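Student: Please give me a close look at the charged side chains and their pairings, and then at the backbone around them. I would like each cut-off stated when its term comes up.

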Amino acid sequence: MIIVVGIRLSTAGTGGRMAAMANSRSAKATSRTAPSKTVHKIKITLRDSRPPIWRRLEVPSGIALRELHDVIQATFGWEDYHMWAFESGRDRYGAADRDLGIRSAASKQLRQAAPHAGDRLRYTYDFGDDWEHDILVEDVTEPEPDTAYPRCLTGRRACPPEDCGGMWGYDYLIEILADPDHEEHEDRLEWLGLDSADQFDPAAFDPAQINSALSTHATVLVEN
């Protein structure tokens, strides 16, 4: 029996709020930025998701991979109940485990693992369901003055619920919920804690809700 441990249900955000967040401004000439204080713009896509499930973030370049893990969890709506690891080339970073060949994620910064635009990382959450996230560095820029990072700029679609069996299981879940006559329809609604399938919207995405979740991690890198 599969036990559900968490689900994020939300309504789609307004286009205006998404556009406002997506239109990032260049740092003002009067701001003072330390050379080490840069920002990575990254796009994180849940591998094999069709249509794609993704988020575009701006994070401090000096963020440790351990904290980036927390940011990804908050951004996608995962519950942080399972093992996880980043992969950079042949190196793996997560909760240090010599037997699994995993180094401490607290010892590696994003700017060290993926310093340049075009660099890539892999983040895997839940070694059973294997939710693989492809991380692409799209740009490395100076921070905007009086702006807190990390922040979510935009994205698409809701995160799958925990423990639904990976991407294949999630696709099957959506198929069951869309068919009221399916023999598993009522069982899956009960599993998700829903009264009707209308309460689950796989297309839902709310950047304001995500940025609220990220607020506990956010820091202003440069002030006017």
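Tutor: Helices are DSSP runs of H or I with at least four residues, strands are DSSP runs of E with at least two, and both are numbered from the N terminus. What you see is a predicted model, in which local features need pLDDT of at least 70 and side-chain atom pairs count only at pLDDT 80 or more, while totals for chains, interfaces and linings use all residues. Residues are numbered from 1 along each chain as its sequence is written, and side-chain values use heavy atoms, with hydrogens and water left out.

Arginine 151 is a convenient place to begin, as it sits in strand β9. Arginine 151 counts as buried because its relative accessibility is 17%, where buried means under 20% relative accessible area, exposed means over 50%, and partly exposed is in between (1.4 Å probe, protein chains only). From C-alpha to C-alpha, arginine 151 is 9.7 Å from lysine 41, although 110 residues separate them in sequence. Beside this arginine, the peptide bond from tyrosine 149 to proline 150 is cis, with omega near 5 degrees, and proline 150 belongs to the loop between β8 (148-149) and β9 (151-156).

Turning to charge pairs, the model holds 10 salt bridges, a salt bridge being a side-chain nitrogen of Lys or Arg within 4 Å of a carboxyl oxygen of Asp or Glu. One of them joins arginine 47 and aspartate 134, with N and O 3.1 Å apart. This pair connects distant parts of the chain, since arginine 47 is in the loop between β1 and β2 while aspartate 134 is in strand β7, 87 residues away. Arginine 47 is partly exposed, at 31% relative accessibility. Arginine 122 and glutamate 132 form another salt bridge, whose closest N and O atoms are 3.7 Å apart. Here too distant parts of the chain are linked, with arginine 122 in strand β6 and glutamate 132 in strand β7, 10 residues apart. Glutamate 132 is partly exposed, at a relative accessible area of 26%. Through shared salt-bridge partners, Arg47, Arg122, Glu132 and Asp134 are joined into one network.

A salt bridge inside a helix offers another case. Aspartate 70 pairs with arginine 66, with 2.9 Å between the closest N and O atoms. Because they are 4 residues apart in helix α2, aspartate 70 and arginine 66 are separated by about one helical turn. In general, an α-helix has 3.6 residues a turn, so residues three or four places apart point the same way. Both partners are partly exposed, aspartate 70 at 23% relative accessibility and arginine 66 at a relative accessible area of 35%. Around them, the buried residues of α2 include Leu68, His69, Val71 and Ile72. Helix α2 (residues 65-76) has 12 residues and spans 16 Å from its first C-alpha to its last, close to the 16 Å expected at 1.5 Å a residue, the expected span being 1.5 Å times one less than the number of residues. After α2 comes glycine 77, whose phi is positive, near 95 degrees.

Other acidic residues deserve a look for their backbone. As a general rule, most residues other than glycine have a negative phi, and most peptide bonds are trans. Aspartate 130, however, has a positive phi near 55 degrees; it lies in the loop between β6 (120-125) and β7 (131-141) and counts as partly exposed, at 40% relative accessibility. Aspartate 163 also has a positive phi, near 60 degrees, and is found in the loop between β9 and α4, but it counts as buried, at 17% relative accessibility. In the loop between β1 (39-46) and β2 (54-60) lies proline 51, and the peptide bond that reaches it from arginine 50 is cis, with omega near -5 degrees.

Finally, Asp171, Glu175, Asp179 and Asp181 form a negative surface patch. Patch residues have over 30% relative accessible area and no salt bridge, and like charges are joined within 9 Å, nonpolar side chains (Val, Leu, Ile, Met, Phe, Trp, Tyr) within 5 Å. Aspartate 179 is placed in the loop between α4 (166-177) and α5 (185-192), and is partly exposed, with a relative accessible area of 32%.

Note on methods: Accessible areas come from the Shrake-Rupley method with a 1.4 Å probe; for residues, only the protein chains shown count as cover. Lys and Arg count as positive and Asp and Glu as negative; His and the chain ends are not counted. The place of a charge is taken as NZ of Lys, CZ of Arg, CG of Asp or CD of Glu.
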